[in-house]
Amino acid sequence: MTASPMALDNAATHKLSPDLALSEPQTELLHRVVSFCERHQADDSALFVIEGAAGTGKSVVLNAIFNTLQTRARSGAADDLLRGLRNMVIVNHPEMLKLYRNIAATMPNLRKSDYERPTTFINKSAKTGRRADIVLVDEAHLLLTRPDRYNHFAQQNHLEEILRWARIVVVVFDPLQVLKFKSHWSTDLLESFRKGRPSETFHLDTQFRVSASPATCSWIDALGQGDILPRPKDPSFDLRLYDDCAKLYADLCTCNAKYGLCRLLSTYDYPYTLNDEDHFITEGDFRLRWDRSLPSEKLPWAERPDTIDEVGSVYTIQGFDLNYAGVILGPSLFYDAKNDRIGVRPERYEDSAAFQGRDGIATPEEAKKRVILNALNVILTRGIHGLFLYAHDPALRERLLRT
C-alpha cells in the first residue's frame, strides 16, 4: 500500500519560504554564498554557480540566501560589509516571478521590487547607468543566449549583460532544464563566463521533492533521458502506468479532492496558440483543454483550484511541486523497439518557438531531441507523492506497462 501524504500545506509560498529549515548541504551553501559576497563585495565582477537537478532545493536555498542578504543590507549593523548594498533576484519565468513577489509581501526585509525578469533588469540598468551589487539568478538555464525581439532583448546573452550590470552574480543552473534554442546553455558556455573573474561552484545532490526510494528516483530520471528500466516496487511512492488517459485523469481528480495540488501535465505535442481560444488535448475518451495564459492572476498556475480542469505544460509547471502529477507522453515520443528505449520525433513537437534561432548550434536535430527530453524530465519530476503516466504511442504504452 502506498503511503499517503497527510496534513499537507500546499501553498508554494510556504514551501519556498525563507523561514523554512534548511538541510545541512543547503545551510553550507548559504554560508558559502554569503561568505563569497563578503569577500568580493568590493570587486568589479564575481560569479558563483549553484548546480543541481530538478527537486534538489535550489530555489528554496536561493530565497533563503536572498533573505539573509537583504536582512543584512537593510537591517545590518553599521559596520556590516553587506549593509546598504542594492541586491536583486532575477528569474526568466513569469510563474516563478509571481511566487517570489507573493513571498516578498510576507517578509519584513523583502520587497516586490527586489524581483525582476532579466530583460527588464538589463534595460532599466542600461537606461539609468546604475549597477546592482549582488544579483541572484534563479532558473539561469532559461536566460537567453541570443537576441530576442519578442522579449525586447537586443544584446547577445542575458548572463553577459547581467554580469555587466552587477558586481556579484549568483546563478542557479541545471543543463537538463534547457528548453529552447534561444536559451541554449551548455556547461562549456557557462564555463566561459568564469574566465577572468573570481568564481566558485556548489553542487546540490540530495533529492528533496520526490518522496520515493532511490530506485524509483533512478527510474524516473532514466525515463526522462529516454531509458526504460525495470519498474521498482516502492511503498513510499505511488507510481501508476495507464492504458486509458480518461482513467488516469479520473484517478488524479480523486487524489486532488483528497490532498489538493494534483495536476495533469503533457509534453508539448498538441496544438496551442497564445490567443483567447481554448485548445484541447484528446486521447481516446479523454478531452481537456491546455492551460490558459492569465498573466493577471496572482497565484501561479499550479496553485489555482480551477487548473485541475486544464492540462499544464512545462512552462507553467517548471520550478513547482505537485502532490501527484499525471503526465501524458505525447506524439513526439514513441517506442524505439530496436534500442528498447523512448525515441523522439521532433517534427511532432508543437512548440515551434523552442527551435527558433539555431545559429551556432552544431547539430540542430540532436539538439531538438535534447530539448524535448529536457522538457520531459521537467514534467516527470514534479510529483512529491505520486506519478501517473499515459503514453500516446500504443507501443510505448504497452512497453511501459510491462516494466
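Which residue lies over the face of F280? In this predicted model, that residue is R287, at 3.9 Å from the ring centre.

## Charges over rings

R287 and F280 make a good starting point for a look around. A similar arrangement involves R345, whose charged end sits over the ring of F334, 3.9 Å from its centre.

## Aromatic pairs

Let's turn to rings that meet other rings. The structure holds 16 aromatic pairs. One of them joins F173 and W185 in an edge-to-face arrangement, with 6.3 Å centre to centre and 75 degrees between the planes. F173 belongs to strand β5 (residues 166-173), while W185 is in the loop between β5 and α7 (187-192), 12 residues apart. F173 counts as buried because its relative accessibility is 2%, and W185 is buried too, with a relative accessible area of 5%.

F181 and F355 form a tilted pair, at 5.5 Å centre to centre and 55 degrees between the planes. This pair links distant parts of the chain: F181 is in the loop between β5 and α7, and F355 is in the loop between β14 (341-344) and α11 (364-380), 174 residues apart. Both rings belong to buried residues. F181 and F355 also join Y268, Y272, W290, Y315 and Y349 in one aromatic cluster.

## The second largest pocket

Now for some open space. The second largest pocket holds about 740 Å³, and 36 residues line it, with K15, V60, F208, R209 and D321 nearest its centre. Its lining has 14 nonpolar, 13 polar and 9 charged residues.

Where does this pocket lie? Domain 1 (5-204) and domain 2 (214-402) both give residues to its lining, so the pocket lies between them. At least two lining residues come from each of α1 (12-15), α3 (58-75), α4 (94-104) and β15 (383-391).

Key:
Residues are numbered from 1 along each chain as its sequence is written. This is a predicted model: local features need pLDDT of at least 70, side-chain atom pairs count only at pLDDT 80 or more; totals for chains, interfaces and linings use all residues. Side-chain values use heavy atoms; hydrogens and water are left out. On a 1 Å grid over the protein atoms alone, a cavity is a set of points where a 1.4 Å probe fits but cannot get out, and a pocket is an open set with protein on both sides within 12 Å along at least five of seven lines; lining residues have an atom within 4 Å of a point. Grid points are joined across faces, edges and corners, and a volume is the space filled by probe spheres set on the points. Helices (H or I, at least four residues) and strands (E, at least two) are DSSP runs, numbered from the N terminus. Ala, Val, Leu, Ile, Met, Phe, Trp, Tyr, Cys and Pro count as nonpolar, Asp, Glu, Lys and Arg as charged, and the others, Gly among them, as polar. Domain bounds come from an automatic or database domain assignment. Rings of Phe, Tyr and Trp (its six-membered ring) pair if their centres lie within 6.5 Å; planes under 30 degrees apart count as stacked, over 60 as edge-to-face and the rest as tilted. Buried means under 20% relative accessible area, exposed over 50%, partly exposed in between (1.4 Å probe, protein chains only). A charge sits over a ring if NZ of Lys or CZ of Arg is within 6 Å of the ring centre and within 35 degrees of the ring normal.
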